[in-house]
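Reader: I would like a close look at a single part of this structure, the place where two of its elements pack against each other. Please start from the whole, so that I can see the setting, and then take me through the surroundings with care.

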Amino acid sequence: MPEIDRTQTVTLAGAGLVGSLLAMFLARRGFQVEVLERRADMRREGGSAGRSINLAISARGLYALRRVGLEQEALRHAIPMRGRMIHPVSGELSLQPYGKDDSQHINSISRAWLNKCLMTHAEETGRVNIRFKQRIQQVDFDTGALTVLDEAGGGTREARTSVLFGTDGSGSAVRQAMMRLPGYTSTQEPLSHGYKELTIPAGPGGTFQMEKNALHIWPRGTYMLIALPNEDGSFTCTLFLPFEGPVSFASLDSPGKVLAFFEERFPDAVPLLPELTHDFFHNPTGTMVTVKGTPWQVGGRALVLGDAAHAIVPFFGQGMNCGFEDCGVLDGCLERHRTWEEAFAEFFHLRKTNADAIADMAVENFTEMSSSTASARFLLEKQVEKALLNAFPGQFLSRYSLVSFSRVPYRMAYEVGTRAGGIVSELSEGLSRVEDVDLERAAQLIQERLVPFMKEHADGFRTEG
């Protein structure tokens, strides 16, 4: 196998969040990077950043940005969200903290701003050239030949590359080309729900019309509305509804029906949404899909990562964080190996089980956000969980804290979360107040179920990236 030549030019499909960050990592290793992006340059033509759901950046994503020197710049444009603010139909708000204290929070950040920032910093390395309106149509992995539709200049052209990275999203052309090879498989599981972006504008003088430092949720069982704060005082709202059914995007087919639905189900949001019906009928309805495939590489010639390899639904706020973590893990593989094939093989080995774990957790979290957050039992269990996190630091760990506030591999967070959740459920049985939780029984259960597991799998808790 040929050794990695750090003077060679590599090609990257997609200048989205993961592609732009990966370009920076590769440039820092000395590579010249040619990026082919199918969209126009959003910095010049005002294009969108793709999906409209706001980003919640947390420990994994921030660590990746720290490694390229951009963490503090990102945090200057982010708004801490310390918990979920629950909006029941009755209108009595309640805040469910994310962590054991205010130091543990996630951060709302604009997808468009972050994408523009990463592209600009990638170009400033002097080693990254982003070409826009370039759509890859065919890939020949044997020769490295790419057939590219040049929408900027018109017509198609052929390009050649020694190594191709696919960071071109859930509909990845690179992954689709891989799937035509023998031995490659991929599944795409669309969610039966879609999403629609709505906007709560800023109040007078750029004030926030709701609690600034929270992720707002209107849980309604099979559907929900969420809102994340923006720097300018506005909130980006996202309505998640089934595509079909009695309450669905299909059933809300007139302005009158939309307004009546919101007045009945989200009454406190209606005064905050002055453009509700306009936004509902003018903004596109987005789709969500879970992508799982194997393998992710073609020898040492090509690799997919981020959504191109493992797209997930947005309900754990980990799509970008997971993709950013991919970049850091791959960088470590390139540090340890002398050939692309060895680096790609280790990357797949390290990331596949973790990507599958967060994909499953993201789907499960939809039920938690849309239904469970509205129940008194769930609220009590979250209070018990917080009490255990504070009473048994380092011994009791929750799934959410491991996913959002640590870099413990997702697969371990999944396993620990299952055991921790069982402990919380058992301790909450028959309780009406968190103050009455039996901490002696809690200590016993933690020693029996959690501590031995964590000791047995200590190697599995090694952080990635």
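Author: Of the contacts in the protein with a separation of 6 or more, 71% are accounted for by residues 24 or more positions apart. The model is predicted, and the values that follow are computed from it. The protein has 15 helices and 19 strands, and its radius of gyration is 23 Å, close to the 23 Å that the globule rule gives for 465 residues, so the protein is as compact as a globular protein of that length. Taken along the principal axes, the box filled by its C-alpha atoms is roughly 65 × 60 × 40 Å, and 54% of the 465 residues count as buried.

Against that background, the part to look at closely is the packing of helix α11, residues 340-370, on helix α14, residues 410-428. The axes of these two helices are 7 Å apart and meet at an angle of about 45°, which makes α11 oblique to α14, because an angle of that size falls outside the ranges for roughly parallel, roughly perpendicular and roughly antiparallel. On the side of α11, the contact is made by Leu350, Arg351, Thr353, Asn354, Ala357, Ile358, Asp360, Met361 and Glu364, while α14 contributes Tyr410, Arg411 and Tyr414. By character, the residues of this contact divide into 6 nonpolar, 2 polar and 4 charged.

Helix α11 also holds Asn365, and this residue counts as buried, with a relative accessibility of 5%, because the cut-off for buried is under 20%. If its neighbours within four places in sequence are left aside, Asn365 is in contact with Arg84, Phe315 and Phe316.

Turning to the surroundings of α14, a useful residue to follow is Leu388, which has its place in helix α12, residues 376-391. Leu388 counts as buried at 0% relative accessibility, and, not counting residues up to four places away in sequence, it touches Phe396, Ile423, Val424, Leu427, Leu439 and Ala442. Ile423, Val424 and Leu427 are among the partners of Leu388, and their numbers fall within the span of α14, residues 410-428. For a sense of scale, Leu388 and Phe208 are 180 residues apart in sequence and 33 Å apart in space, taken C-alpha to C-alpha.

A bench reader may also want to know about the cysteines, and here a search of the whole structure finds 0 disulfides. A disulfide is a covalent bond between the sulfur atoms of two cysteines. The sulfur of Cys327 has its closest cysteine sulfur in Cys322, at 10 Å, which is too far for a bond, and for Cys333 the closest cysteine sulfur is that of Cys327, at 12 Å, which is again too far for a bond. Cys327 counts as buried, with 1% relative accessibility, and Cys333 is buried as well, with a relative accessible area of 0%.

Some backbone details elsewhere in the chain complete the picture. The peptide bond from Thr294 to Pro295 is cis, with omega near -15°, and Pro295 has its place in the loop between β17 (285-294) and β18 (297-298). Lys133, a residue other than glycine, has a positive phi, near 55°; it lies in the loop between β8 (128-132) and β9 (134-140) and is partly exposed, with a relative accessible area of 28%. A positive phi, near 80°, also belongs to Gly69, which follows helix α3, and the buried residues of that helix, which spans residues 59-67, are Arg60, Gly61, Leu62, Ala64 and Leu65.

Finally, Gly169 lies in the loop between β12 (164-166) and α6 (173-178) and counts as partly exposed, with 22% relative accessibility. Not counting residues up to four places away in sequence, Gly169 touches Arg175, Asp307 and Ala308, whereas its C-alpha atom and that of Phe405, 236 residues apart along the chain, are separated by 25 Å.

Definitions and conventions. Residues numbered from 1 in each chain as written. Predicted model: local features only at pLDDT ≥ 70, side-chain atom pairs only at ≥ 80, totals over all residues. Heavy atoms only, no water. Axes fitted to C-alpha atoms, helices over the stretch in contact; angles between N-to-C directions. Helix = DSSP H or I, 4+ residues; strand = E, 2+ residues; numbered from the N terminus. Parallel < 35°, antiparallel > 145°, perpendicular 65-115°, else oblique. Contact = heavy atoms within 4.5 Å. Nonpolar A, V, L, I, M, F, W, Y, C, P; charged D, E, K, R; others polar. Disulfide = S-S within 2.5 Å. Buried < 20%, exposed > 50% of the residue type's maximum accessible area, 1.4 Å probe, protein only. Rg over C-alpha atoms; globule rule 2.2 N^0.38 Å.
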